[in-house]
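Reader: I have a structure open and would like to go through some of the labels used for it. Could you take me through the reasoning behind them?

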Amino acid sequence: MIDNTPPDRNLALEIVRVTEAAALASTQWVGRGQKESADGAAVNAMRSVLDVVAMDGTVIIGEGEKDNAPMLFNGEHVGDGTGPKVDIAVDPIEGTTPTAMGRSGAMSVIAIAGTGSMFFPGPIVYMDKLATGPEGVGAVSLDLTPRENVVELAKARHCQTADITVAILDRPRHGELIEEVRAAGARIFLIGDGDVAAALLTALPSSNIDMLLGIGGSPEAVIAAASLQCVDGAIQARLWPRDETEKQRAIDAGYDLDKILHTSDLVNSQDCFFAATGITDSELLRGVRTHRDQAITHSIVMRSRSKTVRTIEAVHRVEKLKNFHLMA
C-alpha cells in the first residue's frame, strides 16, 4: 500500500545538505581520473548526512551497482528513524566520468517520496525514455515515432519543429534516433553523461531544451520522475533489456517489458522532494567553487506538493568542512 501521507515539514530543505555534502566531498577528485574514488567520497559524505535527517528512510534506488562503484545499497535504512517513512532514490554523483575527467555536467542528486511509492526496476539497468515539460503532457508518447513526437510537441507548443530542441545521450546506440529527430527539423542537444538534469530542464522555463529522448539508466528515470512532478513535467519510460539473459530475468520476475511507465508509475506520491547540487558546471547548476577559505555550492531544491522551486547558493568554510571530513 502506498503511503501518501504528506511529511509534516519540507524535507527538501534538509536533504539539500545531503547533496551539498556529496558535491563538496567529490570536488577534490574533479579532473583526477579516478571515478571510483570520487564516487566513494560522495557516497560516504551522503550517507553521513542522511543518517542525521529526521526521517525513517529506505533506499529504493541506489546508484553504483552497474559499474561496480561504491553505493548506497537498495534496502539500506537511512535517517535517524524519528520522522516520516519515506522511499529514497540517490545518485551521489550523476556523471562520474565528467567528474573524473574535469568536464561539465556532474551533480549530486537525491529524491524522496512516501514509502512504497517508488518503482524498483529490478534487473533492468536501462530504460527507453521520453520527457517533456507541461505542454507535452498528453501530446507525446513512446508509442509514436521520434519524428511524430517532434511534430506533436511543436503543435502543443504552437511553434515550428525547427523551434524544438531534443536532448539525447551521445551514444552509438542513438545514431538512428539522432538522424530521425534531425530529419523532423528539430535541433539536437547531445549530452555526455546522466540525463536527470536534461529531463528536468525540459520543464524549466529558463531552459532551451524541450524534450528528452533515448535510452538511459533506469535509476535516473525514477529520480527524474520525482523532479518532474515538482514542475508539472512528465516522463514516460519502457524497460530496455540489454540482452536475452537480462530480458528473461525481468520476465521471470514479473515485469511487463511492453508497458509504458508514466510519471506516476515511477513515483506514485503526492509529496515528492528533490534536491541536486552541482559538482561541475552544467546547464542546470554551477559547480563547486573554492576561493581562499571558502567553498561555494549551487543547488536546486523542489517539492511537488507546493510546486516550489528554490535555488540555493551556500557559502561553506573550508576549515569547518575539513573537520567533518568533507574536504581534504
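Reader: Where does Arg 292 lie?

Author: Happy to help, and please keep in mind that this is a predicted model. Arg 292 lies in the loop between strand E11 (289–291) and strand E12 (294–303). Its phi is positive, about 55°, although Arg 292 is not a glycine.

Reader: Why does Arg 292 count as exposed?

Author: Exposed means over 50% relative accessible area. Arg 292 has 79% relative accessibility, so it counts as exposed.

Reader: And what makes His 158 exposed?

Author: The reasoning runs along similar lines: exposed means over 50%, and His 158 has 74% relative accessibility, so it counts as exposed. His 158 is found in the loop between H4 and strand E6 (165–169). It has a positive phi of about 55° although it is not a glycine.

Reader: Why is Glu 246 called buried?

Author: Buried means under 20% relative accessible area. Glu 246 has 4%, so it is buried. This residue lies in helix H8 (residues 244–252). Leaving aside neighbours within four places in sequence, its contacts are Pro 123, Ile 124, Val 125, Trp 240 and Pro 241.

Reader: Why are H4 and H5 called oblique to each other?

Author: The axes of H4 (residues 146–157) and H5 (residues 175–183) cross at roughly 40° and come within 8 Å. Angles under 35 degrees count as roughly parallel and 65 to 115 as roughly perpendicular, so H4 and H5 are oblique. Their crossing is right-handed.

Reader: Which residues of H4 and H5 meet?

Author: Pro 146, Arg 147 and Val 150 in H4 meet Leu 177, Glu 180, Val 181 and Ala 183 in H5. Five residues of this contact are nonpolar, none polar and two charged.

Note on methods
Residues are numbered from 1 along each chain as its sequence is written. This is a predicted model: local features need pLDDT of at least 70, side-chain atom pairs count only at pLDDT 80 or more; totals for chains, interfaces and linings use all residues. Side-chain values use heavy atoms; hydrogens and water are left out. Axes are lines fitted to C-alpha atoms, for helices over the stretch in contact, and angles run from 0 to 180 degrees between N-to-C directions. Helices (H or I, at least four residues) and strands (E, at least two) are DSSP runs, numbered from the N terminus. Angles under 35 degrees count as roughly parallel, over 145 as roughly antiparallel, 65 to 115 as roughly perpendicular and the rest as oblique. A crossing is left-handed if the near helix is turned anticlockwise from the far one by less than a right angle, and right-handed if clockwise. Contact means heavy atoms within 4.5 Å. Ala, Val, Leu, Ile, Met, Phe, Trp, Tyr, Cys and Pro count as nonpolar, Asp, Glu, Lys and Arg as charged, and the others, Gly among them, as polar. Buried means under 20% relative accessible area, exposed over 50%, partly exposed in between (1.4 Å probe, protein chains only).
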